[in-house]
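Hi,

Here's the structure I promised to pass on. Have it open while you read, and my notes on what turned up in it follow below.

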Amino acid sequence: MRTTPVKHAVAYIRVSTQQQGKSGLGIEAQGEALMRFADAEGFVISQIFTEVETGKGSDALDKRPQLKAALAAAKELGCPVIVAKLDRLSRDVAFIAGLMAQRVPFIVTELGANADPFMLHIYAALAEQERRMISKRTTDALTAAKARGVKLGSPTTPGILRDRSVAFAESLRALVTPLLDQSFARIATALNEQNVPTANGGRWSATTVRRVILKLELEA
């Protein structure tokens, strides 16, 4: 009796700090999507590699030891690396091209098992273009808010002493609310580009944006 050969696969999950709790991007959600896909397509997940890292920049792969380990494991097993979403690898075309050069097949569950490397390049290019458009829309929204006279907050304003203060959060409500569909990191970048200070007069990070947004949600 002929037995069907086992189709092994390596799973890779990535979250950045500000994305862990967001729907569709968390570790648990990605894991469930990968397991559903593996069951449907007849794959056996041999190893799962999980990374908490932003993974941006030209040296992104060097910042992702778990992705490197996933590539090494896949090469040893002669199997593909499966991810839930393309952006769990990257939205950067050059980075995707570099991964394809590793000669390890990648399968993106949301694109299906038959999406070849050429298609992955196309989708990555579209994602990169979308990222540029989102960045422009975010900057335009901030510019429009400033033109409407929205008060951006100042470390010298009485009663605005800390990022976590209700007063500071409220001073940014009209500015931040239109941007809530963006990641904390993107909002931080846009605020910094517009020279909007934090309550302490410093530069924004994903963490400081998160604090303000959480405060707004708590007070809503």
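Let's start with Arg103, which is exposed, with a relative accessible area of 75%. You'll find Arg103 in the loop between H3 and S4. What is odd about its backbone? Arg103 has a positive phi of about 65° although it is not a glycine. For background, most residues other than glycine have a negative phi.

Before you trust any one detail, remember that this is a predicted model. The mean pLDDT of the protein is 75, and 65% of its residues reach 70 or more. Which elements mark the two ends of the confidence range? Strand S3 (residues 81–83) has the highest mean pLDDT of the elements, at 95, while helix H5 (residues 166–176) has the lowest, at 64. Also keep an eye on residues 153–164, where pLDDT stays under 50. The model still has 30 contacts for that stretch beyond four places in sequence.

Now the overall layout. The protein has 7 helices and 4 strands, and reading along the sequence gives you the pattern β-α-β-α-β-α-β-α-α-α-α. Of its 220 residues, 43% count as buried. If you take the contacts between residues at least 6 apart in sequence, 70% of them join residues at least 24 apart.

On to the inside. As a general point, nonpolar side chains tend to be buried together in soluble globular proteins. Here, the largest nonpolar core has 23 residues, and Val10, Tyr12, Val81, Leu89, Leu99 and Phe106 are those with the most contacts inside it. Which elements give two or more residues to this core? They are strand S1 (7–15), helix H2 (65–77), S3, helix H3 (93–100), strand S4 (106–108) and helix H4 (117–147). H2 gives the most, with 5 residues.

Phe106 is a good place to zoom in. Leaving out residues up to four places away in sequence, Phe106 touches Leu71, Val81, Leu89, Leu99, Met100, Ala115 and Leu120. There is also a second, separate core of 12 residues, which includes Ala11, Ala33, Phe37 and Ile45.

Phe37 brings us to the aromatic rings. How many aromatic pairs are there? The count comes to 1 aromatic pair. Phe37 and Phe43 form it, and their rings are stacked, at 6.4 Å centre to centre with 15° between the planes. Both Phe37 and Phe43 are buried. Phe43 has a charged partner as well: the charged end of Lys7 sits over its ring, 4.4 Å from the centre.

Next, have a look at helix H3. Its residues Phe95, Ile96, Leu99 and Met100 are buried. Why do they line one face of the helix? Seen down the axis of H3, the buried residues fall within an arc of 145°, so they line one face. Ala97 is in helix H3 too, but Ala97 is partly exposed, with a relative accessible area of 31%. The C-alpha atoms of Ala97 and His121 are 7.0 Å apart in space, and these two residues are 24 apart in sequence.

Just before that helix, look for Ser90, in the loop between S3 and H3. Is Ser90 buried or exposed? Ser90 is buried, with a relative accessible area of 8%. Among residues further than four places away in sequence, Ser90 touches Arg64, Phe95 and Ile96. Ser90 and Ala124 are 34 residues apart along the chain, and their C-alpha atoms are separated by 7.6 Å.

One last stop is Thr207, in helix H7 (residues 206–219). Thr207 is partly exposed, with a relative accessible area of 43%. From Thr207 to Ala188 the spacing is 19 residues in sequence and 8.8 Å in space, C-alpha to C-alpha.

That's the tour. If you want a route through the model, try Arg103 in its loop between H3 and S4, then Phe106 and the residues it touches, including Leu71 and Leu120, and then the stacked rings of Phe37 and Phe43.

Cheers

Key
Residues numbered from 1 in each chain as written. Predicted model: local features only at pLDDT ≥ 70, side-chain atom pairs only at ≥ 80, totals over all residues. Heavy atoms only, no water. pLDDT = per-residue confidence, 0-100. Contact = heavy atoms within 4.5 Å. Phe/Tyr/Trp six-rings, centres within 6.5 Å; stacked < 30°, edge-to-face > 60°. Buried < 20%, exposed > 50% of the residue type's maximum accessible area, 1.4 Å probe, protein only. Lys NZ or Arg CZ within 6 Å of the ring centre and 35° of its normal. Core = buried A, V, L, I, M, F, W, Y, C linked by side-chain atoms within 4.5 Å. Arc of directions from axis to C-beta.
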